[in-house]
Structures are given as structure tokens and as C-alpha cells.
Amino acid sequence: METVLMDILGAVVTFLVAFVVGMTYGGLSRKITARVQNRKGPPWYQNFIDAFKLGFKKSAIHHGVMHHLGGAFLMVSSVMTLMIVPVLSHNNWFPNLNFQGDLIFLLYIMTFGPLGMALGAGQTGNPNSAIGVTRGLSQMVGFEIPWVLALVALMIQYHTTSITGLMAAQAHSGTWLMFSSPFAFIAAVMAMLGMFRYSPFDIVGAPTELASGPVSENGGKYLFVMMSSGSVFTFAKLTLYVDLFMGGADNLLILLVKTFALYLIPMLYGMTTPRYRTEQAVRWFWGWPSFFGLLAILQAVIF
Amino acid sequence: MVGTPVLFIAIPLLAAFLIPLLGMIWKELVRIVPGLVLTYLLILAINLLNHVLVHGPIVEVIAGWVPPIGINLVFSAFSGFLVTLMIFLGLLVWIYSYRFKRNVEYEPALKYFLMLMMLITGSVGIVLTGDIFNMFVFIEITSISAYGLTAFYKGRNSAEASFKYVMMGSIASTFLLLAIMIIYSQLGTLNMADIARKIHLMNPTLKIVSYIFFVTALGIEAEIFPLNGWAPDAYAEAPGPVGAAFAGIVVKAAVYAIIRYTYTIFDLSSSFSFLIIIGMITLIIAETAAIRQEKLKRMLAYSSIGQMGLVLVAFGFGTKEGVFAALFLMLNHAIIKSLLFFSGSYLVYNSTEKNIKEVNGMSKFLPVTSLLFAIGAFAIVGLPPFAGFWSKLSVLTAAADSNMILIMVLVLMVSVVELVYYLRVVNRIYFFKKEADTKPHKPTFNALFVMLVLGAIILLIGFYPDAVTGMLHKASASLMDKGQYIHNVLSLK
Amino acid sequence: MEMIHIIFLIFLGGAVLTYFAGKVSKVLQDIFFLLSVLVPAYLFFANVGIGKEVTLTLGGITLVWGVNHFSWLFSLIVLGLGSMAAIYAIGYMKGKERKGYFYFNFILSIMAMMGILLSLDLVSFFVFWEIMTWSSYLMTVYNGHETQRIGIKYFVFSAIGAYAMLMAIVIVHHVAGSFMIGSMINFYPNMSLSLQIWIPILFLMAFGVKAALMPLHVWAPDAYSNAPMAYTSVFSGALSKMGIYGMVIVLVTMINQIPQGFWFREVIAWLGGITAVLGTLWAIKQDDAKKLLAYSSVAQLGYIIVGIAIGTELGMLAGLFLAVMHALFKGTLFMVTGAVEKQTGTTNFTEVTGLIRKMPWTFFAALFSIIALAGIPPLGGFVGKWMLYEALITSNHYLLVIVIFFSSTAAFLYCYKFLFGFFLGQEEKEWAHVKEAPVVMLVPMIIMSVLMFVLGTFPGLILKPINSGLVDLGYIDTFKHLWNTSIIFNAWGDHVVLQPILYYIIAIFVFFALFLTWKGHKTTRYVTTKDISSSGEVPAEDENLTFSVGFMQPFLRAVAPAMRRQIDKYYTGIADGLESLFEFMRRIYTGNGQTYAVYVIVFVVVVLLFKSVLF
Amino acid sequence: MMNDKNSQKIVDIIQNWARKHSIWVLAYGTGCGAIEIPPTMTSRYDAERLGVRGAATPRQADVLLITGYLTVKTMKRVIRVYEQMQDPKYVIGFGSCTINGGMYYDSYNTIKVLDKYLPVDVYINGCMPRPEAVLSGFAQLQKRIAEGRANGAQQYKDNLEWYRANQKKIIPNWIMPEYNW
């Protein structure tokens, strides 16, 4: 009983941290974008306000049970990712599911949500949602290739497929993997651009063309759940990158610094680039990012 | 001892001559008598075969002249097996055509049964005789009755087909006579056993030439490429049961003759590979030609030619397994091809063109006939669990045991072609919509009975090949044992 | 009379009886059909002990039938899926014509598959293989006229494969002196090198055709999609596994014994990988559910082949586990398609939409199988995929793992397309009358969905029998002390513990589902799919806004270069060339008697001229 | 412990604060006024600092912004969009046309007084109103939300029959689904 309570506590605390950090990062990104565009921009806590407002909406509609549960599917994916990824190294944080799953499991659980969400979007009957979903899934196939190439390179170099194993390898050698396997890092970061769906890979939810695509029929608390899930997912993914490539973090502050530094990459890249069409995006991912992924594998095989 | 081999020739010949006389007494006797005769002969053949399988071959001397001077008949396990098969098929053809010809006037029926009896006489004679000139006579009897049967319908096409057959047949006779002349001039004897004993005395070149002439002459009857130009036309224009009789009786007899010459009489070591070569060519050309045919019977004819080629290939291995496989193939081919001809001729019964297209959707109207045709098609292609599979397996095993991998590959590739054209027909029967406005003709009771019997045999052999393999093993052993044959014939006093 | 003989007699007699019972009464026919599938299944699992052998002598050849752990595993697939599909078929075939034909071939197929699994000698193996081929062929052409080309394509490919196998069999008989599979394996190391290479190739041709291995797969999409769906679930789920079964035997027991075996396995693994990719890409393109699933079957078989071809313990476990899973989920999916086809009359995604509220249970089954197919936790497909990846990575197949990963990620696209096409999207007036499928069709689907769920968390239930099968094949016992029913390990010791994962997933899902549903928070309410925000416009009653034509077009544009060429086209070209050759052959027989006479003379002259060569 | 009323009050304050600072606008670009929206949103005037942000669909939006004159033809769509929005929701009438028809006061084809058909919370005066005016309109709306006085949706619900009657007068072929909030 004690362990179960501890597990629940760990999950809740981790979730809350991830929620707060993710929301803040979202707000900061809006702020920074505004500054880049020579605007004042909203306050850093604007995302919290938006989320709570959505939660406080008096009503919301759904088009059937899959649509109704779409948010729950999404949450399973993001929270499970969060549970698998070690938040801090050296057992400084709740273990959650850190030792129960490995990278392959992580790759698959990360797709659970988008697919469930896609089912929900499909049930709305709104053609824009379905179009958005097809674009999203296509892009996912695109960025998974360099991402997996990078991960496989890491796995074969260190003969482990678990995140904790890779963290231990970094702690043991003393260098971050982003320096010891730079190509893998480059490929992974390029894949990350697609994962975060900032410009130029934001055609999925193009607001004017598709009326925000998959989420076009969601309002009120459905949108609230999706927004929170997105924040949690952002945090989980950034933490994963930090764990894999930057040696993890000993305390929350270092974690925040590292994750924010990583987070700036897709954000700033997005500000300078216009939007790709879906097939262009897919081909982009199969171009240079995959090339770097192959280099990473080459490096891992040779050394 | 229930009878002697000479009855197999005497009785049907007698019956053939008596039929017109009996027909004057009561017209129906023309139809009944052949059946009675064939039934008796079948019982006789089975009894004799049982006897022979246990006690060894029966050699009978005609008119008291002892070989090598006189003519003798040999009823060994090998020839006995073929005789039984032929008479059995003859009986089935009779049952099938008994009512098949009911709308036919008295006179055609008379001719039909007369010529059928002659055909059986001739073929059985070819198999039984131990004398090459006697064999020539029987071949002539067979051929002449076959010409007549081909032209049975008296149409333009059947007359043309028959004429082609006559032409080729006369060429065959010429070559056969030439070959016999060469042998007689060299060895001074016409008895097979005697020739076999003395063959090493012959001039090698003449030996080869006479062998080639034999093969050419018999190859025309046995449908070997390129000597088989008559066959597709004859099969296509003759009545359905006659096609079955050709495939099951005439051709078998001719193949028997070739085999007898190759295995027993001539001692040419490379004649086996010669058989394989011509067999393979026949097989490949016939099967590939069959796939593009438009007429059902023509297609069956080509398939028949191809099977004969395969039989020759199997004989060409020259091993006991090869002979066994060839005999198995002959048995299966006789049964299955008869079934195909019987059922196929009902599937296109009322159409004038007899095109394959006419079978479209026949399964709705003639369910049993269609099913039997499908079984026949599956069986001849060699799909388990039907009869054809076991013979194909034995052919391949024999080929492997002779290390002839290329032959195996070719045979199997040709099998795929065969599969395709049979499947196309079966698909048409079952899955196409009927287009032609010709009315399907329900098979008569006796025709249906014959087809069911053949279908049952196919399934029986398919599920329980042991029913025939024992006999086939003995038959092949008897063919392989050349010295025993010579001894049996020549030791008669 | 041994129990195995009795089982086969029941199958055979049942098939014939069922066929003729249709002349008496339809209900009687259904009952006979069910009995002749379920009774042998029961008898097999209850009474046939593993390791038992029975013999029968036919045509001078000894036929030996028996069960080992490995064939028991496949028997589980065949009889399990067969029984489910049989129950389903009762509902599916209701009111259709040619019931007797269907039932007859169904029972014969099951019998033939069992025969293949139980055969310990090559002759009965081949006999049953051919019976399986033609009974499935007859099913392929069940729908009639239009399917005849498809049927012939299937049969020709099968026949080429089967004849290749027949050739191998007789060669083996020649060199080893026996038709027994065991003696073939024992004799294999003593064969000459060329035989050591050619015998497996010939066998693999046969198995590759059935397992739809590229480039022998072109028959599969057409054949799968044209057989009746109740049968296709067996066709794709179990019958294709016979190819896998044979491949495992050839790869493990024979090829592994020679040094060249490594290249063999690499080539097959790569072919499997390419099959998976091509199958997936073409599946994405299809607008017809049957075709989509058919191509997806090809792709899934590719994974299985990769798993067994790389040949490590984990790879074998992955391949065989995926085989079991594929039987479950693809069987269910074809059943779902059949149910939709029965209720609506079409399986085209551009015609049917929005069935989720009409056929909720069918949707449930489809959802579970799709999740399993996509390999997403917590369903069983994940376990198989996980083991496959781990096996590939730990055995140094770095590029192959990318290929497989690409294919299985792209599989999400068609997975989504299937669910969206049938069940999601706008609910149309045209399909307002559609009812849920009959219970007899639902029950098998639901049972199999539940099984997929159970296997997702407790894969050990099926991994244990697989392991025993592998031990029979000569693998070391992988089921070491660390493994238990819900923990899976890779070769480096990394693991996934499935049970807590399941609990977490359920907890999170339930929590947020409750949060979304909880009325006390803020109200949610249902509106119809006509009430969508499409620029303020109100769609008319009969207007269908669902996006279904040109689905996944962007992705297809991105991969267009890979799909420009169809292997099918090459085969068609070859077939056309052959037909013209045959036409030429036909013209040798001119129909002119003079020509024929010339032929005879030419024959004699040629033979005489070359007599010194010939004789 | 606070009693229910007080706690409700506190919750209301928090909710209104959130609503006030997060205004997602569905800009229904019906008339020439739509040209004023881009400058309002972009660098120069930067409405986002007030929490104002565009929404893609009515399901996500809080505010329906009727930018300018409204023709009879678009009226139906506007009503539909408004009814698809989730509670709480507000309407801003933008420009003189929405108040009294403006320069189209005698047109046969435009809506003169928007308030008769939709419950307008805030009017922005002018023809055109400059971005400063738009921002001030938003500020006004925020103020009303904070005070809890922006209850147009409630008004619409209460007087639905009256609104419906007015709407049906304008729209001849009424095939809209029922409003059932």
C-alpha cells in the first residue's frame, strides 16, 4: 500500500512539475516570439491563463465517444512518456516507471496519443480535422527516421537500449553524448524540429487553412486537456533529450537550464523559416537529418 | 486356366464380322453384342492377368507353328496389364456410346460398333503379338478403323481430318514396312524374341536406320512431335468417345510397340536418351500449343500428346522406376483423359464450333458432369489427392534417381503451363456466365454412369494408390526382364 | 485407429457431409460445418499428445504424422483461428449462395493446414500443401467471373512454388533415400555443396510464395481481397503461416548448418524488410478495405520473415510471437471488414463512413486489432514489435531496423485510414439503417480482441509454448529465470516490465476519462457530426463532408518514386511474352496435311543425319 | 470554511480574471473593417499583450468580432457561428455599420441594427475604427467581463424567441438546427 501511495505521489508531483514547466515554456516561447517580432507580447504566464480559461468554459461539445476520450488518449501518451523518462539523474527524483520501459517502448508509447487523438479528430466528422491528421501522421513518419537513426546509433554504441543505461554510460565516461556522438545529436535535434511542430513543420494545424486541423472541433475542457497534455509532453521530450545527450541533470535548476536551451532551438529555427508543405517536410527529414543519422550509425559501428 | 490370349483377337474380330449379320436379325443386337463381347473379354483379361501376375507370362503359339517360325502371342504382366486397360476402356466407351448414338440411324451405329470392335482387335493384337509383321497387320487394322471412326460425322471437317490421318498413316505403313524389310533381310526372322536374340549380328548402321524407321512409323501413331499432325484434327472431329478410345487405346498400343522395340528387340544403348529427347520435345511443344487453343477437344488432344511425350520420357530413363512411372502415367492418362473426353463432349454437346467459350457457366446446368470434368482436370495436372499426383511423383522420383535434374525442371515448368489451361476451362465452367444460346444436353444415364465410374477410380487411386502399384511393379519388372522374355518365347516346343 | 487418423477422417467426412447436408436443410448444414471444425479442434488439443507419431503406408511410401512442440504452436493458430472463423462464417454466410462450396473448401483448408503441420514426411507434406493450395484457390474464385485472373495468378505462383518444392523433395529422396523430414535434416550436412544451397532455395520458393515474400508476393493482395472475408481471415491469418512454418524449419534446421547460411539469412531478412516497406506503402494507397488489409498482410508477413530470418533466439521469438499476433489481429480485421461488407454491401472507404455509432462492438474489435497491428502498447502487437527491434539491434542489423521501423511507422497511416474510413467521419443518411452485426459474428471478434489485450500484458502465455517449440528445433532454452509471463528481455539485458505499465496506462486513462466525463466539472454534450464548424454553413442532410478521397495524398507524393514501378507489371510482361510464344507454338500445327507430311520427312532426315550424334 | 456563496464569489472572481485576460477572437471578416484586424494584432499595436489572440474555429473562440456591415446573406452564417461557440461567449460589434447601418443605412441588403439579432456586448464606434479604438473596445470588454456584466449569451438564451423572430424575418429559408443550450 505504501509503495502504491508513493507511486501515486511520484506520478502526481512529476505531472505537476511537468505541467508548470511546460506551460511556462509555452508562455516564454510566445513572449520570445513577440520580442523577435518587435512586440511587447503577452506575459510569461499567459498560457496558464489561457488554459484555465478553457477549463472554466461552461460547456463543451463532443461528437461521440472517441472524440470525448481523445484527450484521455493523448494524456496517456504524454504522461506515460513522462513516467518513463528519468527527470533527474542519480535517483534524485521519484523513479516512476524509469526502470520498467526502454527506448523502443518509449518510441511506441509516444505514438499512442497522437493516434488516439487522431481517432477523436476523425470522429468529429470535420474534414479539416481528418486532413490535419493525415498531415500529422505523414510528418511523423518523416521525423521518426532521423530520430530512430540517432537512437539506434546510441544503442549500438553503448550496447543498451534503456535510457538509464545511456545516462549511466555518460556518467561513466564523463562526456555528454552530444559531444561523443555529435552526428546522432544533430540528427536527433533535427528530428526534434518536427516533433515540436513549430514552423516550418506546423502545417498540421494551419489555423486559416485547416481551422487548426485536428483540434478544430475541440473547445472548453477538451482543449484544456489537450493543452496540458502538450505542455507535459514538451517537458517530457526535452527531459528525454537532456537525459540522452546532455548527461541528465542533478537538480531541477540545471534541468531547467538545459531543457530551455534545447527548447530554444526549434523555437528560434521556426521564427526564421516559412512553412513547408507536407511532402516537402517529409522529404526534408529524409534528406540531411537522415544523412546525419546514417553518419551517426557509421560512427557507432566504426568506433 | 480360363482362356487363352488368342481369344482376345479372335472374339472381337469375329464379333466385328458378325455384327452386320446379327443386325439383320434384330437391329438392337448391333448395340448389344459388342458389350457382351467386351464384358466377356474383360473378365477373361482380369482372370488371365491374375494368373500371370502369380505364375509368369503365358506364351501361345498360333496354329501349332513354334517360334521363331510361327506367330506367337505373349500375355505377360506388362502386355496383360495394357490389354486389360484397353478392354476396360473399350467397355466404357461402349457403355458410353450405347445410348449416345440413339438419335443415330441403324447404319451409322452398325459402322460405329463394327469399327470400334476392329479398333480394339487391332490394338490388343499389337500388344499381344510376338511377331513384327503380325504387328504391322494389326497396326493396319487399327489405323483403318481409326480412319473410319474419325470420319464418322461425314462432315467436311471430319473428312479432312480423316484424310490427313490416312495420309500420315500410309506414310507410317511405308516406314514400318521398310523397317521390317531391313530386319528381315538382315536376320531372316520376324519373331521378336528371335530378333532380339540375334540383333547383335546386324549391321550397326542398318540397325540404327531400322530403329529410326520403326520409331518414325510408330511415332506417327503414338503422336510424337513432329509426326503428330493428324492428331489434333482427328481428336477434334471424331466423336467424344472415339477421342477417348484414341487416347486410351490406339496411342497406348503404339507406345507399347515403341517400347517393345526399344527395350526388348534393339540393344541400342542410346535409344533411351533418344526417347527422352523426342519425348521432351513432344511434351513441351504440345503443352505450349495447347494453351492457346480455342476448341475444347483440340486442347484435350494436345494435352494427350503432351502426356504421351511424358510417358516416353519416363520410359527413356531406362530404369525400373522409370518404367513403373511410365506405366502409372499410362494408366492414369487412359482413365483421366477418357473422363475428360467423355465429360467434355457433353459440355460442348450442342454447339457447332465446340469452342472453349461454350462451356461458360455449364456448372449450373450440368453439375455432375462439370464436377467430373474438374476432377479430371485437377487429376491430370497432378494435384493431390487425385490419381495424377502419384504418377507425377513417380516420374519425378525416377528422374531424380537417374540424376536428370534438367528433365525435372522442364517437366515441372510444363506442368505449370498445363495447369493454367486446365484451370482456365474449369474457371469458365464454374465462374463464368453462360453466353451462348446453345442448350446444354443432359448426359444419358449410361454416360453418367461411365463418368462416375472413372471419377471413382481417380479418387480411389488418389487416396489409395496401392490398389494398382503392386500390379504396375510386376508389369514393369516383366518389361525390364529381356532375357526372360526371349527365353519364354523361344523355349516353347 | 489412431486419434490423428480419426481427426482427419472427421475433417474429410465432415466436409463431404456438410456439402450434401445443404441439400436437406440449411441449419443442418451449419451445424455439420461447425461440428466438423470444432470437434477435431477439441479432439486435437484434448487427446493428441505431443511427441506422438502414427504411420500409414500408401503407394509404397510411409506417411508419418506426429506432433512436436513447434507444430503444436502452429496448430494452435490454425485450429484456434479456424474455429473462430468457422463460428463467424455461420453468420457471414447466412443468405449467401454456394454455402456448401464455401464450407467444403473451408474444412478442407483447415484439414490441409493441420496435415502440413502434422506431416513428418515430405510426401504427405506436399500432398497437404497442394490440397491447401487448391482449396484456397477455389475460395479465391468464390466470387466468380472477375476473379478468374486473380485465381489463376495465385494458383500459378503456388504451383511454381509447390513444384519447386516437389523437385527438392524428390532430389532429397534420391540422395537421402527417404522421404522423412528428419532424415533430410540429418543427411543435409553430408550433401554436396550445390545441393546444400539449392535444396533450401527450392523449398524457400514454395514457402516464400505462401508467406508472400517479395518478389513472390504479387498474388497475395488480389487473392486475399477477393476471397470471402470469413475465409480470408484464415487465409491471411493462418494459411500464410504455413509458409512461415516451412521457412523456420528450412532456415533453422538446414541452413544454419552450413557456413553460407549467414548470407541466406541476410538475403531473406532483407527481402522480408523490403516486403514490409512495399506492402505498407501500397496499403496506404488503397481505397478498399480488403485491398488495404491484404497489402498490410504482406507487410506484416515481412516482419515475421525478418524475425525468423535473422535467427537469433529473440528474433525467432519475435517472429513467431508476431505470427500468433498477426493471426489474431488480421483475422479480426478481416472479420470486421466482412461484418461491414455484410451490413452495408461495400468495403470502399469512399462510400462507407461513420459507422461507429451503428456498429459499436465491431468498432471495438477493429480498434483493438488496429492498436495491436500498429504495435502500440499495451496490446500484444507491441511485444512482438519490441522483440523484433531488440533482436535486430542486438544482432547488428542496423539498417534493417531502420527499414522495419520506417515500415511500421508508416503503418500508422493505413491503420488510421482503416478506422477512419469505416467508422469515423460524418454519419450519413445513406447508412442510417445499418445495424450491428449479428452476435454470432461479433463473438469471435470480441474474443480475439480480448486475447490480444491479454497477450499484451502477459505475453509469456504464448511465449512459453513458442519457447518449447524453439527448444524442439534445437535452440537453447531462452525462457531463462529472468523471464516470466509479463517481463520481456533483450540480449543485452534491457527489459520491459509490462504489468506496471498496464496499470499506469489504465490509471491515467481512467483518471482523465473521468475528468472529461465528470458532469460536476463543466458540462459536455453530444452533437451530431452534421453540427460541425464549417464556416458557419449548415451541411445539408444528404451532404457528405467526410474527407475520404485522396486520403494520405501528401505522404504518397513524398514516397512516389518508390512506388513508380509495380513488380506485378513485370510478371504481366513475362506472361504476355510467354503467351505470344505459345501462340507461335500453336502455329506449328498449320492444319495443312502437306506440311505435316513434310514434318515427317524432315524428322526422318534430321534423325538420320544426326544419327551418329544421337546413337 | 467559507459558505457556498462566498466560495462561489471567489471562484467567479478567478474565473472572470482568467476570462478577462484570455480573449480568443473569432474575427468574422464580413466587411471592410476586417482590414483593421491585422494591424491590431501585429507589431505596432500588439493586441496579444492584452491576451487577445485569434481563434481558428467557433468551438475555441470566446469573442465573435463582427467586423463591419453584415449582409443578409452572411447573417445566417454569423448566427450559426455564434451558436456554435461555447459558453461564455461575447459579441463585439465593430464599426458604425453594426450599430445603425452606418453608410449603408438605406441599403436593402444589410443588417442595420446588429443587436436585434445577436446580443452585442461591446460596440466599437467609427467608420473605420482605428486599431486604437479596437484595443479600447477590447479593454472595455475586459472591464465588463471582470465586473461580470458581459452576459450577452445569457440574454440571448433568455430572449431566444425574440431573437429568433427577428432572425427569421431576415432569413427567408430557415433550415437551421435548433439552439438548445
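Helices here are DSSP runs of H or I with at least four residues, numbered from the N terminus. Everything shown below comes from a predicted model.

**View 1. Leu18(B) sits in a helix of chain B.** Here we look at one residue, Leu18(B), which belongs to helix 1 (residues 6–25) of chain B. Leu18(B) has 15 other C-beta atoms within 10 Å; being buried takes 20 or more and being exposed 12 or fewer, so Leu18(B) comes out as partly exposed. For a sense of distance, take Ala109(B): along the sequence 91 residues separate it from Leu18(B), while in space the two C-alpha atoms are 14 Å apart.

**View 2. Chain A meets chain C.** On the chain A side, 70 residues make contact, and they touch 61 residues of chain C. Several elements of chain A give two or more residues to this side, among them strand 1 (59–62), helix 3 (65–84), helix 4 (103–123) and helix 10 (220–245). Helix 5 (127–158) of chain A is on that list too, and with 17 residues helix 5 provides the largest share of the side that touches chain C. Sorted by class, the chain A side holds 37 nonpolar, 24 polar and 9 charged residues.

**View 3. A strand from chain A pairs with a strand from chain C.** Zooming in on strand 1 of chain A, we find strand 5 (residues 523–526) of chain C as its partner. The two pair in the parallel sense, over 4 bridges. To find your way, look for Ile61(A), which stands opposite Arg525(C) of strand 5.

**View 4. Chain D as a whole.** Before going closer, here is the overall layout: chain D has 7 helices and 5 strands, and from the N terminus on they come in the order α-β-α-β-β-α-β-α-β-α-α-α. The radius of gyration is 17 Å, close to the 16 Å that the globule rule gives for 181 residues, so chain D is as compact as a globular protein of that length. Its C-alpha atoms fill a box of roughly 60 × 40 × 25 Å along the principal axes. Of the 181 residues in chain D, 46% count as buried. If you take the contacts in chain D with a separation of 6 or more, 80% of them are between residues 24 or more positions apart.

**View 5. Strand 3 of chain D is covered on both faces.** Strand 3 (residues 63–67) of chain D has 5 of its 5 residues buried. Val63(D), Leu65(D) and Thr67(D) lie on one side, with Leu64(D) and Ile66(D) on the other. That fits a general pattern: in a regular strand, side chains alternate between the two faces of the sheet.

**View 6. The neighbours of strand 3 in chain D.** Strand 1 (residues 23–28) of chain D runs parallel to strand 3, joined by 4 bridges; within this pair, Val25(D) has Val63(D) as its bridge partner. Strand 4 (residues 90–94) of chain D also runs parallel to strand 3, this time with 5 bridges. One pair to look for there is Ile66(D) with Gly93(D). Getting from strand 3 to strand 4, the chain passes through helix 3 (residues 72–84) of chain D in a right-handed β-α-β crossover.

**View 7. Chain D touches chain C.** At this junction, 11 residues of chain D are in contact with 6 residues of chain C. The chain D side breaks down into 6 nonpolar, 2 polar and 3 charged residues.

Terms used. Residues are numbered from 1 along each chain as its sequence is written. Chains are lettered from A and ligands numbered from 1 in the order in which they are written. Two residues are in contact if their C-beta atoms, placed from the backbone, lie within 7 Å. Ala, Val, Leu, Ile, Met, Phe, Trp, Tyr, Cys and Pro count as nonpolar, Asp, Glu, Lys and Arg as charged, and the others, Gly among them, as polar. Two strands pair if DSSP finds at least two bridges between them. A crossover is right-handed if, with the strands pointing away from the viewer, the path from the first strand over the helix to the second runs clockwise. The radius of gyration is taken over C-alpha atoms; the globule rule is 2.2 Å times the number of residues to the power 0.38.
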